[in-house]
Amino acid sequence: MAHQLEIELKTPEQIGLMRRAGLVVADALERMRAVVAPGVSTADLDRIAEETIRAAGAVPSFKGYHGYPASICSSVNDQVVHAIPSPRQVLREGDLISIDCGADLDGWHGDAAITVAVGDVPSDVRGMVRVAEDAMWAGIAAAARGARSGKGRLTDISFAIQSSIRKAGRYGIVEGYGGHGIGTAMHQDPFVQNSGRPGKGPMLRPGIALAIEPMITRGKPRVAELDDGWTVVTVDGSVAVHVEHTMAICDDGVWVLTAHDGGRARLGDLITSREPVPAVE
Ligand code: MF3
Ligand code: CO
C-alpha cells in the first residue's frame, strides 16, 4: 500500500525563503560550471561548492545526509547520480559530468543539478544534455499549466518528461530515482517519477515545491548501486545525463527557485507575475 502523502504546502513568504536557498545553489553550480576542465578533480568542485554555500551563510544539504560525506554528487560518464567526489577522480577531455548540489539556508532547502561536457565531447553525447534539459523544462511547464487549469495532477509532470524524451529519440529513462517534494527538508513527499501515465496523484496547487530531475542513458535504463552504498551507474556502461531544478507553484504560475532568471527564458508567461522575493530578515 502506498503511504498517505504528506505534502508540505508553503506560504508565499516561505517560497521567498526557499528562493534565497535556491539562489545559493544556482551560484555554486555556476561557479563549478565555470571551472570544469580537463585536470580538475571532482574534489576540487566539491571544495568550490562548500565554500560558496558557507560564504552565503548556508549549509550544504548533502553533507551528513544519511552519512553522505560531501557537498555535491559528481557523476561522471556511466555514473548516473550520487557519485562521491574524490581527489583521485580527475576530469578528462570528453567526459560528461553531472554536478548535483543542495543548500540549506535558515532551514529551507534548494536542490539542483547540471550536466557539463569536459572539453570536446561528441555531438550526440552533447545532444543528450539538451534532451534531459528539455525534458526537465517540459515537466516544469506541465506543472505550471496543470496548476493554472486547476485540474493538473502530479503525474502530468512525469508524463511530460517521458513524452519529451521519447520525442527526442531512443534513450533509457532511469526508474527508481526521480524528483521529490522539497522545503524544510531536502527530500519530502511526493516522489516524482520521470515516466508514467498522466492524471494521477495529488492535485498540483499553489504552495507545492518540487525538485524535478530527469535521468537518461544512452543505452538501457537499468542502473545499479556500487558497493560504496551511493554511486549509481548504468548496468550497460552507457553514458548518463542528469539535470535538476527546484520549482515552486505560486498563485498565478511557477517560479524556478534554482534558476537565476526564475525560469523566464524557458517558460515565458508560465512563470508567476509576482516573483517570490526573499523575505527581509
Ligand atoms: N539531489 C540529490 C537527489 O535528490 C540528493 C543527493 S542525496 C546525497 O537525489 F546524499 F547524496 F546527498
Ligand atoms: Co533532488
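**A predicted model with a cobalt ion and a bound ligand**

Good morning. I begin with the surroundings of ligand 1, which consist of F62, Y65, Y68, C73, H82, D100, D111, H180, H187, E213, W230 and E244. I should say at once that the model is a predicted one. By residue class, the shell around ligand 1 divides into 5 nonpolar, 3 polar and 4 charged residues.

Three polar distances describe how ligand 1 is held in the model. A nitrogen atom of ligand 1 lies 2.8 Å from a polar side-chain atom of D111. An oxygen atom of ligand 1 is 2.9 Å from an N or O atom in the side chain of H180. For E213, too, an N or O atom of the side chain is 2.9 Å from an oxygen atom of ligand 1. How much of ligand 1 does the protein bury? Taken alone, ligand 1 exposes 340 Å², and the protein buries 96% of that.

I turn now to the metal. Which residues coordinate the cobalt ion, ligand 2? They are D111 through OD, H180 through NE2, E213 through OE and E244 through OE, at 2.1 to 2.2 Å. Along the chain, these donors follow the spacing D-x68-H-x32-E-x30-E. D111 lies in strand β5, residues 108–117, while E244 lies in the loop between β13 (240–242) and β14 (245–250), so the pair ties together parts that are 133 residues apart in sequence. Both D111 and E244 are buried. D111, H180, E213 and E244 also belong to the surroundings of ligand 1.

Next, I would draw your attention to T246, a residue of strand β14. Is T246 buried or exposed? Its relative accessibility is 1%, so T246 counts as buried. The side chain of T246 reaches the backbone oxygen of D111 at 2.6 Å, and D111 is one of the residues that coordinate the cobalt ion. Leaving aside neighbours within four places in sequence, T246 is in contact with several residues, among them M18, G110, D111, I182 and L210. Its further contacts include A211, W255, V256, L257 and T258.

A second buried residue is K10, in the segment before α1 (12–35). With a relative accessibility of 6%, K10 counts as buried because the cut-off for that term is under 20%. Where does the side chain of K10 reach? It extends to the backbone oxygen of I182, at 2.8 Å. The side chains of K10 and Q188 are also joined by a polar contact of 3.2 Å. Not counting residues up to four places away in sequence, K10 touches I15, M18, W108, I182, G183, Q188, G207 and A209. M18 and I182 appear among the contacts of T246 as well.

For contrast, I now consider two exposed residues. R92 is placed in the loop between β3 (79–81) and β4 (96–105). The relative accessible area of R92 is 60%, which makes it exposed. Leaving aside neighbours within four places in sequence, R92 is in contact with P38 and V118. R92 and I173 are 81 residues apart in sequence and 26 Å apart in space, C-alpha to C-alpha.

The other exposed residue is R222, in the loop between β10 (215–217) and β11 (223–225). Here, too, the relative accessible area is 60%. R222 touches V233, T234 and V235, not counting residues up to four places away in sequence. From C-alpha to C-alpha, R222 and D236 are 7.5 Å apart in space, with a separation of 14 residues in sequence.

I close with some points of backbone geometry. Which residues does a cis peptide bond join? They are D189 and P190, with omega at about -5°. P190 lies in strand β8, residues 188–192.

Positive phi values in residues other than glycine occur at H82, with phi near 65°, and at D106, with phi near 55°. H82 is found in the loop between β3 and β4 and is partly exposed, with a relative accessible area of 25%. H82 is also one of the residues that surround ligand 1. D106 has its place in the loop between β4 and β5. With a relative accessible area of 46%, D106 is likewise partly exposed. Thank you for your attention.

How values were computed:
Residues are numbered from 1 along each chain as its sequence is written. Chains are lettered from A and ligands numbered from 1 in the order in which they are written. This is a predicted model: local features need pLDDT of at least 70, side-chain atom pairs count only at pLDDT 80 or more; totals for chains, interfaces and linings use all residues. Side-chain values use heavy atoms; hydrogens and water are left out. Donors are N, O and S atoms within 2.8 Å of the metal (3.2 Å for Na, K and Ca); water is not among the atoms, so sites may look incomplete. Helices (H or I, at least four residues) and strands (E, at least two) are DSSP runs, numbered from the N terminus. Buried means under 20% relative accessible area, exposed over 50%, partly exposed in between (1.4 Å probe, protein chains only). A polar contact is a pair of N or O atoms within 3.5 Å; within protein, one must be able to donate a hydrogen and the other to accept it, and residues adjacent in sequence count only if both atoms are side-chain atoms. Contact means heavy atoms within 4.5 Å. A residue is near a molecule or strand if one of its heavy atoms lies within 4 Å of it. Accessible areas come from the Shrake-Rupley method with a 1.4 Å probe; for residues, only the protein chains shown count as cover. Ala, Val, Leu, Ile, Met, Phe, Trp, Tyr, Cys and Pro count as nonpolar, Asp, Glu, Lys and Arg as charged, and the others, Gly among them, as polar.
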